[in-house]
Amino acid sequence: MTNTVGIGEAAKQLGVSPDTLRRWDRDGRLRTSRDSRNRRRVAVAEIERLRDSPSRHAAGDGLSARNRFPGVVRSVESDGVMALVEIEAGPHRITAAVTRDAVDELGLAPGVEATATVKATSVMVNRSVGEA
């Protein structure tokens with residue numbers, strides 16, 4: 001198994017989560033093998049196949065999230081290690097709490113085009129203020 005890597009390393013090389021690779025395995029999009037301890041192993045050639053695939057999307061599109069909001073950064077407020085990034089995406093304004101390092105690495109600043117990708121397991125609801 002010298003030409004295989006673990007699911008975590010394969011995910012890192014492809015820029016997706018290990019859960020995404022497990023899902024791709026179940027869906028037949030990824031071919032894996034199992035080692036003697038029944039752990040998934042991914043052939044290096046399989047990683048290269050996926051990386052070089054013409055259907056491979058641009059960075060960030062490999063995510064399984066369904067809600068994407070392309071827009072323009074309207075503000076960035078950094079404080080310590082965290083930052084708030086506000087993106088205007090059509091009629092929506094989305095504010096994300098991200099690390100300051102992420103802001104720097106992505107070059108986020110007012111006027112820069114960016115896409116907010118929303119993937120959540122829960123939704124917070126606020127009470128509407130109206131007639132009592």
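**Strands, helices and the largest pocket of a predicted model**

Student: How many helices and strands are in the protein?

Tutor: The structure shown is a predicted model. Its secondary structure comprises both kinds of element, and the count is four helices and seven strands.

Student: In what order do the elements run from the N terminus on?

Tutor: The protein has four helices and seven strands to place. Read from the N terminus on, the order is β-α-α-β-β-α-β-β-β-α-β.

Student: What percentage of the residues in the protein is buried?

Tutor: A residue counts as buried when its relative accessible area is under 20%. The protein has 132 residues, and the buried share of them is 23%.

Student: What share of the exposed area do carbon and sulfur atoms supply?

Tutor: The protein exposes about 9,700 Å². Of that area, the part supplied by carbon and sulfur atoms is 49%.

Student: Which residues of strand β3 point to the face where side chains are buried?

Tutor: Strand β3 covers residues 40–43, and its side chains alternate between two faces. R41 and A43 point to one face and are not buried. The buried side chains, on the other face, are those of R40 and V42.

Student: Which residue in β3 does G6 stand opposite, and which does S33 stand opposite?

Tutor: Strand β1, residues 4–6, pairs with β3 in the antiparallel sense over three bridges. Strand β2, residues 32–34, also runs antiparallel to β3 and is joined to it by three bridges. In β3, G6 stands opposite R41, and S33 likewise stands opposite R41.

Student: Which residue takes a positive phi in the hairpin of β2 and β3?

Tutor: This hairpin has five residues between the strands. A positive phi near 65 degrees is taken there by N38.

Student: How much space lies in the largest pocket, and which residues are the closest to its centre?

Tutor: The space in the largest pocket is about 420 Å³. Its lining has 16 residues, and the closest to the centre are I87, L106, T115, A116 and T117.

Student: Which element gives the most to the lining of the largest pocket?

Tutor: At least two lining residues each come from β5 (82–89), β6 (92–99), α4 (100–106) and β7 (113–118). With six residues, the element that gives the most is β7.

Student: How many residues of the lining of the largest pocket are nonpolar?

Tutor: The lining consists of 16 residues. Three of them are polar and one is charged, while the number of nonpolar residues is 12.

How values were computed: Residues numbered from 1 in each chain as written. Predicted model: local features only at pLDDT ≥ 70, side-chain atom pairs only at ≥ 80, totals over all residues. Heavy atoms only, no water. Buried < 20%, exposed > 50% of the residue type's maximum accessible area, 1.4 Å probe, protein only. Areas by Shrake-Rupley, 256 points an atom, 1.4 Å probe, with all protein chains shown as cover. Pairing = 2+ DSSP bridges. 1 Å grid on protein atoms, 1.4 Å probe; cavity = no way out; pocket = protein on both sides within 12 Å on 5 of 7 lines; lining within 4 Å. Points joined across faces, edges and corners; volume = space filled by probe spheres on them. Nonpolar A, V, L, I, M, F, W, Y, C, P; charged D, E, K, R; others polar.
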